Amino acid sequence: MTDLVLAILHHLLVFTLAGILAGEFVLMRKGLGGRELKILAHIDRMYGVLALAVIAVGLGRVFYGLKGWEYYAGNHAFWGKMLAFLIVALLSIRPTIRILAWSRAGKDGAYVVPDVEIAAARRFLVFQIVAFAFILIFAAMMARWTG
């Protein structure tokens with residue numbers, strides 16, 4: 001039963017994380033400021049919290065799940081998934097730093113993020129989305145005992 005609960009929780013968290021990433025992409029557009037900027041900052045915080053939850057539950061699956069650590073240690077698809085997750089995490093740093101700076105600048109409510117900064121941050125989000133797709137690809141490979 002523990003394995004099932006961890007698997008369900010892991011999947012729910014990962015797909016929620018994907019939804020939050022999509023939400024950031026939608027909100028981060030020209031003319032960003034005011035209420036939308038506050039929402040984006042909140043969503044970005046939730047993105048970080050959920051990413052940590054995905055890691056925690058994932059570790060639970062590795063150490064307390066039915067397959068055991070040995071399965072994961074020798075599975076190339078697992079390590080591909082971990083690398084893709086790391087890439088997503090690294091790509092999220094720059095937009096998060098920018099969002100924090102924009103939030104500080106926008107405390108008065110009149111600040112609008114310059115279009116050039118939005119374009120640069122959106123590029124990082126696109127790369128994150130592509131890397132996130134690889135997480136799902138490697139997860140599918142693991143589910144079919146390949147790797």
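Okay, so before anything else, what I'm calling a pocket is an open set of grid points with protein on both sides within 12 Å along at least five of seven lines. And keep in mind that this is a predicted model.

Let me take the second largest pocket to start. There's about 200 Å³ of space in there. It's lined by 13 residues, and the ones closest to the centre are Y47, G48, A51, A89 and S92. Two elements, α2 and α4, each give two or more residues to that lining. By class, you're looking at 9 nonpolar, 3 polar and 1 charged.

Now over to the largest pocket, which holds about 610 Å³. Here 26 residues make up the lining, with H10, G58, R61, K81 and M82 closest to the centre. Helices α1, α2, α3, α4 and α5 each put in two or more residues. The largest share comes from α5, which supplies 7 residues. As for character, the lining splits into 20 nonpolar, 3 polar and 3 charged residues.

Last stop, the surface. There's a nonpolar patch of about 860 Å², made by L52, I55, L59, F63, Y64, W69, W79 and M82. You've met M82 already, among the residues closest to the centre of the largest pocket. Both α2 and α4 supply at least two residues of the patch, and α2 gives the most, with 5.

So, buried or exposed: which is Y64? That residue sits in helix α2, and its relative accessible area is 62%, so Y64 is exposed, given that exposed means over 50%.

That's my tour, thanks.

How values were computed:
Residues are numbered from 1 along each chain as its sequence is written. This is a predicted model: local features need pLDDT of at least 70, side-chain atom pairs count only at pLDDT 80 or more; totals for chains, interfaces and linings use all residues. Side-chain values use heavy atoms; hydrogens and water are left out. On a 1 Å grid over the protein atoms alone, a cavity is a set of points where a 1.4 Å probe fits but cannot get out, and a pocket is an open set with protein on both sides within 12 Å along at least five of seven lines; lining residues have an atom within 4 Å of a point. Grid points are joined across faces, edges and corners, and a volume is the space filled by probe spheres set on the points. Helices (H or I, at least four residues) and strands (E, at least two) are DSSP runs, numbered from the N terminus. Ala, Val, Leu, Ile, Met, Phe, Trp, Tyr, Cys and Pro count as nonpolar, Asp, Glu, Lys and Arg as charged, and the others, Gly among them, as polar. Patches are made of residues with over 30% relative accessible area and no salt bridge: like charges are joined within 9 Å, nonpolar side chains (Val, Leu, Ile, Met, Phe, Trp, Tyr) within 5 Å. Accessible areas come from the Shrake-Rupley method with a 1.4 Å probe; for residues, only the protein chains shown count as cover. A salt bridge is a side-chain nitrogen of Lys or Arg within 4 Å of a carboxyl oxygen of Asp or Glu. Buried means under 20% relative accessible area, exposed over 50%, partly exposed in between (1.4 Å probe, protein chains only).
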